[in-house]
Structure formats: structure tokens, C-alpha cells
Amino acid sequence: MDDDYGIFGPESVTWRVMGEPIQLVGGFRALLMQGLHPRAMRGVLQNSALLDPAEAWARFLRTSEFVRVRTYGTHAEVERAGRRVRKIHATLTARDPDTGETYHLDDPEALRWVHVGEVDSYLTVARRAGVRLSDADADRFVAEWRRAAEVVGLSADGVPGSVAELRDYIAARRPELRLVPEAAHPLRLSLHTPLPGALSALRPAVPALTVLALATLPRWARRLYGLPATPVGDLWASTTLRALHTGIGLIPAQVRYAPSARRARKLMAA
């Protein structure tokens, strides 16, 4: 239906933020935030062949398609995608070696952290790259993503609804966060990126993208990854994001934006 814009729509801040190509960095950052939650990370590690080129690429495509549908799809498309994800999370299990407990991937606390990591990453990258967002816009973005939380099975009132709530939640979870010993460091993984043959030429760019995504993390998170955490690093990350966003902006819109984002931009302009 032409007038079914899904859970966000042309008046949302989400459409303004998510279509920007710089959000490729935001997606990487979200994965890095997810990787610091022991249960969330172990759920991925124990249910994904991360180093298998065929499986890793297929998983990346599935995740990218889910993000696209959730952002731009109709209500029916979003519900179908969400139903599939909820079924997978409810079916798969992982084991916590620290406690011996077996848990399902729809563990609410793990899902909540993944949600918060996404929202914080997309918003942080957008603002530091120079996407024009007021403080009120930022709060609206966080509130809009309560709808996205419902898609994966969380309750809207169980996740942050403002930037202040987002920050408070992250601060409260910090004592529980760490990089589990069985997880490979993302920088090491990036040096051996499993891309299919047609995209193998892009492999050298992945370590640089990983370094930038790591640099955009808060200092405490960088320390958990065993990396330097200084104001100089913060300045480098912000400057690099802004330069990339500005440079990408010189590319014609027909090339710069994906088809769904181009359609969204036309609807927003109208």
C-alpha cells in the first residue's frame, strides 16, 4: 500500500537518520556494543559460524535486510520480519559457562542491551558526523525506536524513551559488561574478513572501518576492548566521521542512497 509507511514514516526522525550512508559505521558500532554483553555475545558465538565465509555473508545480508524492512517496510512486512526473528530467538539457546545456565536468545536483558546499543550507535554516529539533529530530534529518535523494540519482542515501556534514559540505562549496565574470553577481538577478525569473491576487493577497507567504529565508542568501552581511550581519539573519530559524511555528500543522490532511502527522501520532501 502506497500510504502504508510502516512503523516510522516520512515525518519521523528515524527516516532522516537511517538513510545516511555514514550509518554503515553506526551498524559496525552497534555490533561492537552488542559484543560487550556476555549473554548477547555468547548467543551469537554459539549459534553462528562467524568465520565461515558463506555463513558470515549470509548472516550479514539477513541482518541488513531486517534493518531495511524494519525501517522502511509496510506494517505487514515489518510484522513478518519480526515474527521470524522472534521465532529464531525463542528457539535457539546458548550456555553461560560462568554459571552453567542454558538460556534462550530472547533473554530480555540481552535483547534490551542490543536494542540500546543500536539506538545509541545510530544516534551517536549521526550527530558526530554532522547530520542536523536538535536535542528534541534526538529524544524523538530514541522514543520512535520503542516501536522497533516491540518488533523483536520487547515492551515499549521497557526500553529508554529519551536520550537521558538511554544514558542512564547504559551507565547502570556498565558493571556487567566485558569482552568474554572466547570472543575474538574485532580488529583481529577484521583482518580476515570472510567476504565472497565478488566483494573480495573491499576486504582491505574493513579494518579501517572497524578502527573508526571502535574509535566512536565511549572511552570505557574502548578500554574493555583493550584499546587506548583518550580525548585525542574522540576528536579523531568525530573529525573523520564529519569528513566522510561531507565527502559522501558530494556523490549524486541517485548513487549515494539505497533505493528505500531514495524513496523515503522523496516522501519526506513531499
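A residue is called buried under 20% relative accessible area, exposed over 50%, and partly exposed in between. The structure described here is a predicted model. By this scale Tyr5 is partly exposed, because its relative accessible area is 26%.

Aromatic contacts were examined across the whole structure, and six aromatic pairs were found. In one of them, the ring centres of Tyr5 and Trp15 are 6.1 Å apart and the ring planes stand at 70 degrees, so this pair is classed as edge-to-face. Tyr5 belongs to the segment before α1 (13-18), whereas Trp15 is part of helix α1, so the pair ties together parts that are 10 residues apart in sequence. Unlike the partly exposed Tyr5, Trp15 is buried, with a relative accessible area of 2%. Trp15 also forms an aromatic pair with Tyr72; here the arrangement is tilted, with 5.7 Å from centre to centre and 50 degrees between the planes. This second pair links distant parts of the chain, since Trp15 is in helix α1 and Tyr72 in helix α4 (residues 53-72), 57 residues apart. Tyr72 is itself buried, with a relative accessible area of 13%.

Elsewhere, ring pairs join Phe8, Tyr122, Phe141 and Trp145 into a cluster. An arginine is also placed against an aromatic ring: Arg39 lies over the face of Tyr103, at 4.3 Å from the ring centre. Arg39 is one of the buried residues of α3. Helix α3 (residues 38-45) is mostly covered, as seven of its eight residues are buried. The buried residues of α3 are Pro38, Arg39, Ala40, Met41, Arg42, Gly43 and Val44.

The nonpolar interior was considered next. In soluble globular proteins, nonpolar side chains tend to be buried together. In this model the largest nonpolar core has 56 residues, and Met18, Val25, Phe141 and Trp145 are those with the most contacts inside it. Helix α6 (residues 108-129) supplies the largest share of this core, nine residues. Two of the residues with the most contacts in the core, Phe141 and Trp145, also appear in the aromatic cluster. Apart from residues up to four places away in sequence, Phe141 touches Val13, Thr14, Val17, Met18, Val119, Tyr122 and Leu123. Of these contacts, Met18 is another of the residues with the most contacts inside the core, and Tyr122 is another member of the ring cluster.

Val25 is situated in helix α2 (residues 23-34). Its relative accessibility is 3%, so Val25 counts as buried. When neighbours within four places in sequence are left aside, Val25 is in contact with Val125, Leu209, Leu212, Ala213, Thr216 and Leu241. Val25 and Tyr122 are 97 residues apart in sequence, but their C-alpha atoms are 8.4 Å apart in space.

Helix α2 also holds Arg29. Arg29 is buried, because its relative accessible area is 2%. Beyond residues up to four places away in sequence, Arg29 touches Asp120, Ser121, Thr124, Val125, Ala213, Thr216, Leu217 and Pro218. Among these, Val125, Ala213 and Thr216 are also in contact with Val25.

Asp120 and Thr124, both touched by Arg29, recur in the description of a pocket. The second largest pocket has a volume of about 300 Å³. It is lined by 15 residues, of which Asp120, Thr124, Val163, Leu166 and Arg167 are the closest to its centre. The elements that give two or more residues to this lining are α6 and α8. Helix α8 (residues 163-173) includes Ala164, which is partly exposed, with a relative accessible area of 45%. Ala164 and Leu250 are 86 residues apart in sequence and 34 Å apart in space, taken from C-alpha to C-alpha.

A further buried position occurs in a loop. Ala229 is found between α11 (219-224) and α12 (231-248). With a relative accessibility of 16%, Ala229 counts as buried. Its contacts, leaving aside neighbours within four places in sequence, are Arg219, Arg222 and Arg223. Ala229 is 11 residues from Pro218 in sequence and 8.2 Å from Pro218 in space, C-alpha to C-alpha. Pro218 is also one of the residues touched by Arg29.

How values were computed:
Residues are numbered from 1 along each chain as its sequence is written. This is a predicted model: local features need pLDDT of at least 70, side-chain atom pairs count only at pLDDT 80 or more; totals for chains, interfaces and linings use all residues. Side-chain values use heavy atoms; hydrogens and water are left out. Helices (H or I, at least four residues) and strands (E, at least two) are DSSP runs, numbered from the N terminus. Buried means under 20% relative accessible area, exposed over 50%, partly exposed in between (1.4 Å probe, protein chains only). Contact means heavy atoms within 4.5 Å. Rings of Phe, Tyr and Trp (its six-membered ring) pair if their centres lie within 6.5 Å; planes under 30 degrees apart count as stacked, over 60 as edge-to-face and the rest as tilted. A charge sits over a ring if NZ of Lys or CZ of Arg is within 6 Å of the ring centre and within 35 degrees of the ring normal. A nonpolar core is a set of buried Ala, Val, Leu, Ile, Met, Phe, Trp, Tyr and Cys residues joined through side-chain atoms within 4.5 Å. On a 1 Å grid over the protein atoms alone, a cavity is a set of points where a 1.4 Å probe fits but cannot get out, and a pocket is an open set with protein on both sides within 12 Å along at least five of seven lines; lining residues have an atom within 4 Å of a point. Grid points are joined across faces, edges and corners, and a volume is the space filled by probe spheres set on the points.
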